[in-house]
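Please look at the sequence and the structure shown here, and keep both in view while reading. The paragraphs that follow move from the aromatic rings to the strands and then to the protein as a whole.

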Amino acid sequence: LRENLPPGTLVTTLRAVDADTGIFGELQYAVLEQPAGEPGTVEGRDAFAVNSSSGELRSRLTFDYERAKAFQLLVRATDAGNASATVTVRVLVTGEDEYDPIFLSPSFSFEVPEGARKGQSIGRVLATDEDEGADGVVLYSLAKPSPYFAVNQTTGTIYLRVDSQPQAGGGRAKREPREMSLEVQARSPLPASRSATAQVTVDVTHTSFGLAPD
C-alpha cells in the first residue's frame with residue numbers, strides 16, 4: 001500500500017472457502033488480536049478494518065512510510081456453525097518521493113593543486129534527503145559532462161579525469177586567477193526523482209590541462 005493514500009483505501013479482498021451450502025457456507029470475517037509480529041512490524045488491528053460479509057480489507061489511516069513500513073494482522077473467517085479459519089495478513093507500506101535533496105551548501109569552491117594527477121580528489125559535495133528507502137538514496141552527477149572533472153555518483157567526491165599540467169609562462173606571481181564552473185546534480189536512483197543542483201567553482205590557476213594560456 002502506497003503511503004499518503006486516504007483512509008478507506010482498499011488493500012485487498014480476503015476470501016475463505018467453505019464447502020457447505022446454505023447458511024453454513026456463509027462466512028463472517030473479523031480482525032483479531034494477535035501476538036507481536038516480526039521486528040519492525042506494527043500491530044495492524046487498529047490500522048485496518050475488514051468488511052464482515054465481503055472480506056474487503058481497507059485502511060483506517062493515512063500511512064507515513066518514514067514512520068511505519070509494515071503492518072501485520074490476523075483475520076478470522078467464521079461460519080454459522082462456529083467453525084473458523086484464520087490467516088495472517090502482512091501489509092507493506094511503500095514510499096513516495098516527498099522531499100527534495102538538499103545540498104549542505106548552495107555552492108562549493110575547490111582548487112586543483114599543482115602537480116595533481118588523474119584520479120586525484122579535489123573536493124567533495126554532499127546532499128541529504130529526508131525520504132527513506134530508495135527515494136532517500138542520493139546519487140551525484142555533473143549536469144554537463146566535463147573533460148577535466150568527474151564526480152563519484154555515490155560519495156560526491158569530485159576528481160580529475162586528466163593529469164594537471166604546469167601552466168606555461170613563468171612563475172606563480174605572473175599567473176592570473178582562473179576558474180572553471182561545474183553544476184552538480186543530486187537525485188535518487190528512481191525514475192522521476194526529485195533533484196537539486198549546486199554550483200562548484202574550481203580554481204585552476206595552477207594547471208593548464210594542456211590548454212592555451214588564455
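In this predicted model, the structure holds eight aromatic pairs. A pair of aromatic rings is described by two quantities, the distance of the centres and the angle of the planes. One of the pairs is formed by Phe108 and Phe110, whose rings are stacked, with 6.2 Å from centre to centre and 25° between the planes. Both of these residues, Phe108 and Phe110, are buried. They also belong to one aromatic cluster, which is made up of Phe103, Phe108, Phe110 and Tyr140.

Another stacked pair brings together Tyr148 and Phe209, with the ring centres 4.7 Å apart and an angle of 15° between the planes. This pair links distant parts of the chain, since Tyr148 lies in the loop between β12 (139-142) and β13 (149-151), whereas Phe209 lies in the segment after β16 (195-203), and the two are 61 residues apart. Tyr148 is buried, as is Phe209.

A ring can also have a charged group as its neighbour, and the place to look for this is Tyr65: the charged end of Lys69 sits over the ring of Tyr65, at 4.7 Å from the ring's centre.

From the rings we can turn to the strands. The secondary structure of the protein comes to 16 strands and zero helices. In general, the strands of a sheet pair through backbone hydrogen bonds, and they may do so in a parallel or an antiparallel way. Here, an open sheet of three strands follows the order β1-β5-β4, and its pairing is antiparallel. The edge strands of this sheet are β1 (10-13) and β4 (48-50), each of which pairs on one side only. From one strand to the next, the twist averages 20°.

How many bridges join β1 to β5? Strand β5 covers residues 56-59 and runs antiparallel to β1, and three bridges join the two. To find one particular contact between these strands, start from Thr12, whose bridge partner in β5 is Leu57.

Finally, consider the protein as a whole. Of its 214 residues, 36% are buried. Among the contacts with a separation of 6 or more, 66% are between residues 24 or more positions apart, and the stacked pair of Tyr148 and Phe209, 61 residues apart, likewise links distant parts of the chain. The accessible surface comes to about 12300 Å², and 50% of that surface belongs to carbon and sulfur atoms.

Terms used: Residues are numbered from 1 along each chain as its sequence is written. This is a predicted model: local features need pLDDT of at least 70, side-chain atom pairs count only at pLDDT 80 or more; totals for chains, interfaces and linings use all residues. Side-chain values use heavy atoms; hydrogens and water are left out. Two strands pair if DSSP finds at least two bridges between them. Helices (H or I, at least four residues) and strands (E, at least two) are DSSP runs, numbered from the N terminus. Axes are lines fitted to C-alpha atoms, for helices over the stretch in contact, and angles run from 0 to 180 degrees between N-to-C directions. Buried means under 20% relative accessible area, exposed over 50%, partly exposed in between (1.4 Å probe, protein chains only). Contact means heavy atoms within 4.5 Å. Accessible areas come from the Shrake-Rupley method with a 1.4 Å probe; for residues, only the protein chains shown count as cover. Rings of Phe, Tyr and Trp (its six-membered ring) pair if their centres lie within 6.5 Å; planes under 30 degrees apart count as stacked, over 60 as edge-to-face and the rest as tilted. A charge sits over a ring if NZ of Lys or CZ of Arg is within 6 Å of the ring centre and within 35 degrees of the ring normal.
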